[in-house]
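Q: Please take a close look at a single part of this model and follow its contacts outward. A connected account, with the reasoning made explicit, would be preferred.

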Amino acid sequence: MALQTHTLENPNVIEYVTFKQLNTASSAELMQKAVATDAILDEIDGYIKRYISRQDNGTWVEVVFWRDMDAAKIGLDAFLAHPDSKPFLDLIAPDSVVIEYSQVI
C-alpha cells in the first residue's frame, strides 16, 4: 500500500478539537455529518485542511490547519454559526469539547 502525500499550504496554526459523540448517534452518522461540513470550511478564508479520527476510547479528534491564528478564531466562529453545521454539532456532547491551538514552528 503506497503512502499518500499531502501538501499543506504553509499552515501557521493547528487547531486540535477533541469531543465525544452523543449516545444517540452512531460513529458512521457522525462521520457522515462531519464530511457534509467540508463545504463550509472550504469557504472560510485561511482554512487549509481538516482531518477527523476516532480513538479506541471513543474520543473523536479533529485536527484543522489554518493560515494564522486570526483565521483560526474567525473560522471557528463562522463554522459554529453556520446553519449547515448544526446537524454535525447536534451529535456532539457539548461538555466534552476541548479546543486547543498550537503555532507551527
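A: Two residues are taken to be in contact when they have heavy atoms within 4.5 Å of each other. In this predicted model, the part chosen is E62, a residue of strand β3. Leaving aside residues up to four places away in sequence, E62 touches E15, Y16, V17, F19, R50, Y51 and I52. E62 has a relative accessible area of 8% and is therefore buried, as the limit for that class is under 20%.

Among these neighbours, R50 deserves attention. The side chains of E62 and R50 make a polar contact at 2.8 Å, and the two residues also form a salt bridge, with their closest N and O atoms 2.8 Å apart. Because E62 belongs to strand β3 and R50 to strand β2, the pair ties together parts that are 12 residues apart in sequence. Both partners are buried. The pair also has a further member attached, since D38, R50 and E62 are linked in a network of salt bridges.

A search of the whole structure finds five salt bridges. Another of them joins D45 to R67, with the closest N and O atoms 3.1 Å apart. D45 lies in the loop between α2 and β2, and R67 in the loop between β3 and α3, so this pair ties together parts that are 22 residues apart in sequence. The surroundings can be compared with those of E62: D45 is exposed, with a relative accessible area of 58%, and R67 counts as partly exposed at 34%. R67 also meets the side chain of D68 in a salt bridge, at 3.2 Å from N to O. D68 counts as partly exposed at 25% relative accessibility.

D68 leads on to the helix that follows. At the start of α3, a side-chain oxygen of D68 reaches to within 3.3 Å of the backbone nitrogen of D70. The buried residues of α3 are A71, A72, G75, L76 and F79. They cover an arc of only 130 degrees around the axis, which places them on the same side of α3. An α-helix has 3.6 residues a turn, so residues three or four places apart point the same way. On the other side of α3, D70, I74, D77 and A81 are exposed. The account thereby returns to the strand of E62, for β3 is one of the elements against which the buried residues of α3 pack, the others being β1, α2, β2, α4 and β4.

Conventions:
Residues numbered from 1 in each chain as written. Predicted model: local features only at pLDDT ≥ 70, side-chain atom pairs only at ≥ 80, totals over all residues. Heavy atoms only, no water. Buried < 20%, exposed > 50% of the residue type's maximum accessible area, 1.4 Å probe, protein only. Helix = DSSP H or I, 4+ residues; strand = E, 2+ residues; numbered from the N terminus. Arc of directions from axis to C-beta. Polar contact = N/O pair within 3.5 Å; in protein donor to acceptor, adjacent residues only side chain to side chain. Salt bridge = Lys/Arg side-chain N within 4 Å of Asp/Glu carboxyl O.
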